[in-house]
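This report examines a single protein chain, its fold, its surface and the confidence attached to its coordinates. The chain is shown first, and the discussion follows.

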Amino acid sequence: MKTRVITTVLISMLMLASASVFGGKPQGTMLFRTLNGFVEIPVKVEEAPDSLPAVVKVAMAQHAEDMHSLVHVQFDLSLISKPEPDADDVAINTCKIFEELRYREFARK
């Protein structure tokens with residue numbers, strides 16, 4: 001009995017709240033199942049406008065243009081990175097490398 005009273009009060013509060021919020025004649029109803037059956041709660045249906053405002057269209061076009069231009073931009077990283085030496089400029093001293101390897105072998109033993 002207590003549950004039925006609480007359910008009834010809750011549903012009546014929801015109906016009163018929806019009627020006071022939307023005001024006027026509701027455009028539709030929503031069915032809720034209760035212990036005693038179904039209860040219809042009024043619901044106001046909001047319709048979307050036919051077209052977007054001009055400000056939104058301009059902002060979307062500007063954003064698309066910015067994204068399109070970023071795809072084709074070439075970034076110059078030479079200012080923030082250290083240049084690599086050319087392959088011809090690098091001198092590899094193989095004798096020194098073999099001496100270090102030989103020294104490491106004798107140092108381990």
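## Exposure of I80

A residue is called exposed when its relative accessible area is over 50%, and buried when that area is under 20%. The structure under discussion is a predicted model. In it, I80 has a relative accessible area of 72%, and therefore belongs to the exposed class. This isoleucine is placed in the loop that lies between α2 (54-71) and α3 (94-108).

I80 also takes part in a nonpolar patch on the surface, with an area of about 810 Å². The other contributors to this patch are M67, L70, V73, F75, L77 and L79.

## Overall architecture

The secondary structure consists of 3 helices and 2 strands. Read from the N terminus, these elements follow the order α-β-β-α-α.

Of the contacts in the protein with a separation of 6 or more, 22% are between residues 24 or more positions apart. The protein has 109 residues, and 6% of them count as buried. Its accessible surface amounts to about 10700 Å², with carbon and sulfur atoms supplying 62% of that area.

## The strand pair

Strand β1 covers residues 28-34, while strand β2 covers residues 37-43. The two strands pair in the antiparallel sense over 7 bridges, and a hairpin connects β1 to β2 through 2 residues. Within this arrangement, T29 is positioned opposite P42 of β2.

## The environment of T34

Is T34, a residue of strand β1, buried or exposed? T34 has a relative accessibility of 17%. Because that value falls under the 20% limit, T34 counts as buried.

When neighbours within four places in sequence are left aside, the contacts of T34 are with T7, I11 and V39. One of these partners, V39, falls within the residue range 37-43 of strand β2.

## Confidence of the model

The average pLDDT of the protein is 77, and 83% of the residues score at least 70. How does confidence vary, and where is it lowest and highest? The lowest confidence is in α3, with a mean of 75, and the highest is in α2, with 86. These two helices are also the ones that flank the loop containing I80.

Conventions: Residues are numbered from 1 along each chain as its sequence is written. This is a predicted model: local features need pLDDT of at least 70, side-chain atom pairs count only at pLDDT 80 or more; totals for chains, interfaces and linings use all residues. Side-chain values use heavy atoms; hydrogens and water are left out. Patches are made of residues with over 30% relative accessible area and no salt bridge: like charges are joined within 9 Å, nonpolar side chains (Val, Leu, Ile, Met, Phe, Trp, Tyr) within 5 Å. Accessible areas come from the Shrake-Rupley method with a 1.4 Å probe; for residues, only the protein chains shown count as cover. A salt bridge is a side-chain nitrogen of Lys or Arg within 4 Å of a carboxyl oxygen of Asp or Glu. Helices (H or I, at least four residues) and strands (E, at least two) are DSSP runs, numbered from the N terminus. Buried means under 20% relative accessible area, exposed over 50%, partly exposed in between (1.4 Å probe, protein chains only). pLDDT is the predictor's confidence in each residue, from 0 to 100. Contact means heavy atoms within 4.5 Å. Two strands pair if DSSP finds at least two bridges between them.
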